[in-house]
Structure formats: structure tokens, C-alpha cells
Amino acid sequence: EEQRYAVQCGDSPNPRNPGAFVAIGLLASAAYGPLGPLSSWTDEPCASWQARASNSYAGPWNRMTNQTVLVLGPTYDSATPFENSKAMAKLLANARLLTVEGYGHGVVLNPSACANDYISKYLITGELPPKGAVCQQDVAPFSSAVSPSSLFSSGDWSSRHPLLA
């Protein structure tokens, strides 16, 4: 957890007063229903986090970058809606959206061989997917293709995950 908080708390503008998270939770509840407060409270430990990034970037986000930013957008992500991925790709001055038709939070943890190929090429050579590229998720959620017990049985977990194998 400390690694996550080092990034999350050090790089984001969180209130120093833990009581502020009550108000944030109420606002999130009004905007997003019963699940809203869940996300808003995840940053509460940041109220007492001592370290702050010395050069955290807070925008503007529409500045031209030397390299095109690859934005990954799963169509049915419950934590980061696809509309946000499209908005981010538009907001950034130099970005390309890779759409992944699939479910779950994030692209990397919900494997798509198609998306993984594009991501690898981008990270290794800078090559971008074509404009408007759409990939499919390899396995639908709750399918019998991968059982949770097969991921966490004895042995090396990394050999059972497509991205870590």
C-alpha cells in the first residue's frame, strides 16, 4: 500500500484535513450514488501523508508533447468510464485513443492480445495503432476460460497471467 500512497498522495492535491473527506464523500454520493463515497475515501490517508512531489504536473493538459500519448479506453470500465477516455484523448494536444471492447477496470489487467500488441509496439518503438483502432477483450468476464483458482494456486502466479508470462 505504501507504494500506491507515495504516488497517489505525493502527486495529487488532497486535503490536509481528514474531515474534508466527509464532505467529499457526500458530494460523490450525490453525483454517483452509493458507490461514489467508496472512491472518495481511498485518498483519505493522504491527509496525513508527509511527502509531496516537488515537481508534480498539474496542467495545462492541452500542451503539445514530443510524442503522441496513447490513451487506453475500455468500453465498459466501471471505475473510469469510456466517455472519460474519449474526453482525455480530445483534451490532450497530441493523443491517440485505443478502444478496447471489454469489461473491467483498465486494459492491462483484462487481457486483449490485440491491445497488448499495440501497447508493446508503442512502448518499444513509439508506433501507434491506426486512428480509430478497436480491439476485443480476449475473455469475457465470468467465463469459464480462466478460473480464479487457477490464478492463485501454488506456484508462480506470473506464469499464469498473459502479460507476465
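Guide: Let's start with a term: two cysteine sulfur atoms within 2.5 Å of each other make a disulfide. Keep in mind that this is a predicted model.

Visitor: What makes cysteine 9 and cysteine 46 a disulfide?

Guide: Check the gap. Their sulfurs sit 2.0 Å apart, and the cut-off is 2.5 Å, so the pair of cysteine 9 and cysteine 46 qualifies. In chemical terms, a disulfide is a covalent bond between the sulfur atoms of two cysteines.

Visitor: Why is the disulfide of cysteine 9 and cysteine 46 called left-handed?

Guide: Look at the torsion about the S-S bond: it is about -75 degrees, so this disulfide is left-handed. The link also ties together distant parts of the chain, with cysteine 9 in helix 1 and cysteine 46 in the loop between helix 3 and strand 1, 37 residues apart. Both cysteine 9 and cysteine 46 are buried.

Visitor: What makes cysteine 114 and cysteine 135 a disulfide?

Guide: Run the check again. Here the S to S gap is 2.0 Å, and the limit is 2.5 Å, so cysteine 114 and cysteine 135 pass. Their link is left-handed too, with -55 degrees about the S-S bond. Cysteine 114 belongs to helix 5 and cysteine 135 to strand 3, 21 residues apart. By this rule the count comes to 2 disulfides, and with the bonded cysteines numbered in sequence order, the pairing reads 1-2, 3-4.

Visitor: How do you know whether cysteine 135 is buried or exposed?

Guide: Its relative accessible area is 0%. Buried means under 20%, so cysteine 135 is buried.

Visitor: And what makes cysteine 114 count as partly exposed?

Guide: Cysteine 114 has 28% relative accessibility. Partly exposed covers the range between 20% and 50%, so that is where cysteine 114 lands.

Visitor: Why do glutamate 83 and lysine 86 count as a salt bridge?

Guide: The side chains meet at 3.2 Å, N to O. The rule asks for a side-chain nitrogen of Lys or Arg within 4 Å of a carboxyl oxygen of Asp or Glu, so this pair fits. The structure holds 1 salt bridge. Glutamate 83 and lysine 86 are 3 residues apart in helix 4, and that separates them by about one helical turn.

Visitor: Which label, buried, partly exposed or exposed, does glutamate 83 get, and which does lysine 86 get?

Guide: At 52%, glutamate 83 is exposed, since that label means over 50%. Lysine 86, at 33%, counts as partly exposed.

Visitor: What makes strand 1 and strand 3 edge strands?

Guide: The open sheet has 3 strands in the order 1-2-3, with parallel pairing. Strand 1 and strand 3 each pair on one side only. From one strand to the next, the twist averages 25 degrees.

Visitor: How do you know that strand 2 and strand 3 pair?

Guide: Count the bridges: 3 of them join strand 2 to strand 3, which run parallel. Pairing needs at least two, so strand 2 and strand 3 meet the rule. In one of these contacts, threonine 99 has valine 134 of strand 3 as its bridge partner.

Visitor: Which residues form the nonpolar patch on the surface?

Guide: Tyr57, Trp61, Met88 and Leu91, with about 390 Å² of accessible area together. Take tryptophan 61, which lies in the loop between helix 3 and strand 1. Its relative accessible area is 41%, which makes tryptophan 61 partly exposed. Patch members need over 30%, so tryptophan 61 clears that bar.

Note on methods. Residues are numbered from 1 along each chain as its sequence is written. This is a predicted model: local features need pLDDT of at least 70, side-chain atom pairs count only at pLDDT 80 or more; totals for chains, interfaces and linings use all residues. Side-chain values use heavy atoms; hydrogens and water are left out. Helices (H or I, at least four residues) and strands (E, at least two) are DSSP runs, numbered from the N terminus. Buried means under 20% relative accessible area, exposed over 50%, partly exposed in between (1.4 Å probe, protein chains only). Patches are made of residues with over 30% relative accessible area and no salt bridge: like charges are joined within 9 Å, nonpolar side chains (Val, Leu, Ile, Met, Phe, Trp, Tyr) within 5 Å. Accessible areas come from the Shrake-Rupley method with a 1.4 Å probe; for residues, only the protein chains shown count as cover. Axes are lines fitted to C-alpha atoms, for helices over the stretch in contact, and angles run from 0 to 180 degrees between N-to-C directions.
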